[in-house]
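Here is a walk through one predicted model, written for someone who has it open in a viewer. Have a look at the chains first, then read on.

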There are 2 protein chains.
Amino acid sequence: MNTPAPVETPVERLLALLAPDMDGVARLIRDRMASQHAPRIPEVTAHLVGAGGKRLRPLLTLAAARLCGYDGSDHLKLAATVEFIHTATLLHDDVVDESARRRGRPTANLLWDNKSSVLVGDYLFARAFQLMVETGNLRVLDILSNAAAVIAEGEVLQLTAAANLDTDETVYLQVIRGKTAALFSAATEAGAVVAGADDVVALALHDYGDALGIAFQIADDLLDYRGTDDRLGKNVGDDFRERKMSLPVIRALAGADEAERDFWQRVIGKGDQRDGDLATAMAIMTRHGSLDSTRDTALEHAARARAALGPLPVGPIRSQLADLADFVVARLV
Amino acid sequence: MNTPAPVETPVERLLALLAPDMDGVARLIRDRMASQHAPRIPEVTAHLVGAGGKRLRPLLTLAAARLCGYDGSDHLKLAATVEFIHTATLLHDDVVDESARRRGRPTANLLWDNKSSVLVGDYLFARAFQLMVETGNLRVLDILSNAAAVIAEGEVLQLTAAANLDTDETVYLQVIRGKTAALFSAATEAGAVVAGADDVVALALHDYGDALGIAFQIADDLLDYRGTDDRLGKNVGDDFRERKMSLPVIRALAGADEAERDFWQRVIGKGDQRDGDLATAMAIMTRHGSLDSTRDTALEHAARARAALGPLPVGPIRSQLADLADFVVARLV
């Protein structure tokens, strides 16, 4: 009588394939997030880590390690590491974003939240490094510490690229690598390396994570203009209002005539935005085909992710990783 | 004719003894702080790292390594690592402190500064981890990643201990270990370990750094009430106004009668501070001898630092480290 609910997405199917490993990661996260001395730490992180979320990044590490035949337990530590780095990044993004959103609210609250977010984020970064050091694997340490630097550099770059009409696609790629792809590729490559995979396999899994992350982020940036309901906590036009130089804007600017350039200069460059500007921006983008070409670029990266899996052992994990590449852009087609 | 200027402090004498090493560290800091892609990073850090400052922490690592007979170059990387961690901490403290100080200023500026401080701090943390991973020394990685966790935990603890009259000396010690002593002790211990020192020597240098850092921080907390001009950028009463539970307050509270307890509850617990309250606080502390007993505790830790040097080779570096222990509390006597 109890027919199981249909398992629908590749993420859910990977979660099912790797359920015992994911339980181990969840335990590790709970144990290492705790602080005997500072109960505020689990308070602050509970809603981020405890809520579960998709936990896509640790899943990538586990999948990569198992796909490479790993039968040890260090991959659990690395999976928890990438989730801690991700959560720390979210906390620090909070400081930046929430501040802007809450200008009307009392300063004391805002500052208290900022303090907690910064310091608890730092704590999670430190815990992440402790966890990865415990594996004693220097190549893995190299991969993850490099990723941390690319992430931070990308965030700073995003800050300075915002509202700057000279931002080109090269800078945009660096920003989204920092924002998303660097941790995806480190997650998959670290899983391969801890499993003792050879260089070809480790590189293939790195490239898979890189392409997957880029496809994912371009899709997200496109949906900020095309709109959908499945992007948690974000609304159509958020990037526009924050004057972000995302790919649809960069491409619309590349083909802009003088009047359009003046428009972008006013709304993005100067931040002088009025009623109807978002609709105008979308009409300009549609006219130049920059929404369609952005979608095509996302699909190309998804195809690159799928192709990168070529050298890897055929089986259920590889199949789901391939489907995952299509899944992250499925919202676009 | 050119008589050299008298070299006065143990820090200056250590800088002279280790001048070529310190030049190497300065070069490494300059090279690794640079970001090809995000010029904002050196802009933000220039006034912190470029100004030179005392660079006490990298000096401790270099001194420890040389004292243990090290003749390699990995100690330069570790010295740069501890300076990066320290600078990142300062940047993140800025977010917390400057925000509070600048309430009257335009929000946009404040947010921009906050964003840069958080993200550039994260970049420096990541660069610090890259540098230490390059040494390939897992014991050193263990020491420094643990220190990073203690630092972050101590900062969170300080946040929750502020304005909390139940804060005791145990919590206070944890807070100042996080704030100061954990990085001092990691700096000296890492120097010993990279030099291949045996466990007794490594522990001795750990204990030296721990005691030195605690003496230094207690002295600083005491001077916040006793006052002096040589504390850069801080004014008498800052901790009082920020409702910090530092050692002089904790000890005054321990012996407080009911009226005094009500006073502390109002000014620290509730933050209801009026003209003359700081003077009243200092009078109460003087009456209970809590300023004198705080000074004695600082002197005890300085003596512990000096004593910890027992197992180490006699010579100019050990002499200067011993004098440094007295120097950090010399402002108090």
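What follows goes from the chain fold to the pairing of the copies, and then to a few local spots.

A word on conventions: residues are numbered from 1 along each chain as its sequence is written, and chains are lettered from A, with ligands numbered from 1, in the order in which they are written. The model is predicted, so local features need pLDDT of at least 70 and side-chain atom pairs count only at pLDDT 80 or more, while totals for chains, interfaces and linings use all residues.

**The chain**

Chain A has 15 helices and zero strands. Both kinds of element are DSSP runs numbered from the N terminus: helices are H or I with at least four residues, strands are E with at least two. Of the 333 residues in chain A, 51% are buried. Buried here means that 20 or more other C-beta atoms lie within 10 Å of the residue's own; with 12 or fewer a residue is exposed, and in between it is partly exposed, with C-beta atoms placed from the backbone.

Contacts are counted when two C-beta atoms, again placed from the backbone, lie within 7 Å. Take the contacts in chain A between residues at least 6 apart in sequence: 76% of them join residues at least 24 apart.

**How the two copies pair up**

How are chains A and B related? A rotation of 180° with 0.0 Å of shift along its axis puts chain A on chain B, with an RMSD of 0.0 Å. That is how a two-fold axis relates copies. In chain A, A:V118 has the C-alpha nearest the axis, 3.6 Å from it. The superposition is by least squares on the C-alpha atoms of residues with pLDDT of at least 70 in both copies.

As for the interface, 43 residues of chain A are in contact with 43 residues of chain B. On the chain A side, the elements giving two or more residues are helix 3 (40-50), helix 5 (74-101), helix 6 (107-134) and helix 7 (138-161). Helix 6 of chain A gives the most, with 16 residues. By class, this side has 22 nonpolar, 13 polar and eight charged residues. For that tally, Ala, Val, Leu, Ile, Met, Phe, Trp, Tyr, Cys and Pro are nonpolar, Asp, Glu, Lys and Arg are charged, and the others, Gly among them, are polar.

**The core**

The largest nonpolar core has 218 residues, and A:A215 and B:A215 have the most contacts inside it. A core of this kind is a set of buried Ala, Val, Leu, Ile, Met, Phe, Trp, Tyr and Cys residues joined through C-beta atoms within 7 Å. Leaving aside neighbours within four places in sequence, B:A215 is in contact with B:A298, B:H301, B:A302, B:A305, B:A325, B:V328 and B:V329.

B:L60 sits in helix 4 (residues 56-67) of chain B. Is B:L60 buried or exposed? It is buried, because 29 other C-beta atoms lie within 10 Å. Beyond its neighbours within four places in sequence, B:L60 is in contact with B:F184, B:A187, B:T188 and B:G209.

**A bent helix in each chain**

Helix 8 (residues 169-194) of chain A has a kink of about 60° centred on A:R177, and helix 8 (residues 169-194) of chain B bends by about 60° at B:R177. The bend is the angle between axes fitted to the seven residues ending at a residue and the seven starting there. The table puts the two helices side by side.

| Helix | Buried residues |
|---|---|
| Helix 8 of chain A | 23 of 26 residues |
| Helix 8 of chain B | 23 of 26 residues |

Helix 8 of chain A is followed by A:G196, with a positive phi near 75°. In chain B, B:G196 comes just after helix 8 and takes a positive phi of about 75°.

**Odd phi angles in loops**

Most residues other than glycine have a negative phi. A:R243 is not a glycine, yet its phi is positive, about 60°. A:R243 lies in the loop between helix 10 (238-241) and helix 11 (247-254) of chain A, and counts as partly exposed because it has 18 C-beta neighbours inside 10 Å.

B:A163 also has a positive phi, about 70°, without being a glycine. B:A163 is in the loop between helix 7 (138-161) and helix 8 of chain B. With 16 other C-beta atoms within 10 Å, B:A163 is partly exposed.

Finally, B:K270 is in the loop between helix 12 (258-269) and helix 13 (277-288) of chain B. B:K270 is exposed, with 11 other C-beta atoms within 10 Å. B:K270 and B:A163 are 107 residues apart in sequence, but 7.2 Å apart in space, C-alpha to C-alpha.
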